[in-house]
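Let's take a short tour of one protein chain, going from its surface to its inside. Have a look at the picture first, then read on.

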Amino acid sequence: MSYSKVNTRDVDPIADGMRFLRDPLDCEKLGVTVLDADPGWTGKEHDHADDGQEEVYVLLEGEATVTVEGEDVHLEAGEALRIPADATRQIHNGDAESKFVLVGASDGE
């Protein structure tokens, strides 16, 4: 088969509303996560220096702040943020529910 398809609602959430789609879509180099963040939700601070995975966070609904290397970057619905692999990042959701699409890619090595 040349494509994979999944309904995000059919993927069980892991860790506070995060639906990891990499395995259900059988992706090799691309990770896609849908995040439904509750008001006041804060994600885990992390980086991807070990696996070389850069990420793009797309905020579809709501407002949030992403702290990148100690700098707070405010996001409103419709905005996207690219983060290099070695930068630390942490999502801080605002006062309302938010919906993100988080995309990460590596060279697959």
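Before we place anything, here is what counts as a strand: a DSSP run marked E of at least two residues, numbered from the N terminus. With that in hand, Pro39 turns up in the loop that links β2 (30–37) to β3 (54–61). Keep in mind that this is a predicted model.

So who does Pro39 meet? Setting aside neighbours within four places in sequence, Pro39 is in contact with Asn93, Gly94, Asp95, Ala96 and Glu97. Take Asp95: along the chain, Pro39 and Asp95 are 56 residues apart, yet their C-alpha atoms are separated by 4.7 Å.

Strand β2 itself holds Thr33. If we again skip residues up to four places away in sequence, Thr33 touches Met18, Arg19, Phe20, Phe100, Val101 and Leu102.

Now over to Glu69, which sits in the loop between β4 (63–68) and β5 (71–76). Glu69 belongs to a patch of negative charge on the surface, where it gathers with Glu45, Asp47, Asp50, Asp51 and Asp86.

Which of these three are buried and which are exposed? Here they are side by side.

| Residue | Relative accessibility | Counts as |
|---|---|---|
| Thr33 | 9% | buried |
| Pro39 | 45% | partly exposed |
| Glu69 | 52% | exposed |

The labels follow from two cut-offs: buried means under 20% relative accessible area, and exposed means over 50%. Thr33 counts as buried because its value is 9%, and Glu69 counts as exposed because its value is 52%. Pro39, at 45%, therefore gets the label in between, partly exposed.

Technical notes. Residues numbered from 1 in each chain as written. Predicted model: local features only at pLDDT ≥ 70, side-chain atom pairs only at ≥ 80, totals over all residues. Heavy atoms only, no water. Patch = residues over 30% accessible without salt bridge, like charges linked within 9 Å, V, L, I, M, F, W, Y side chains within 5 Å. Areas by Shrake-Rupley, 256 points an atom, 1.4 Å probe, with all protein chains shown as cover. Salt bridge = Lys/Arg side-chain N within 4 Å of Asp/Glu carboxyl O. Lys, Arg positive; Asp, Glu negative; His and termini not counted. Charge placed at Lys NZ, Arg CZ, Asp CG, Glu CD. Helix = DSSP H or I, 4+ residues; strand = E, 2+ residues; numbered from the N terminus. Buried < 20%, exposed > 50% of the residue type's maximum accessible area, 1.4 Å probe, protein only. Contact = heavy atoms within 4.5 Å.
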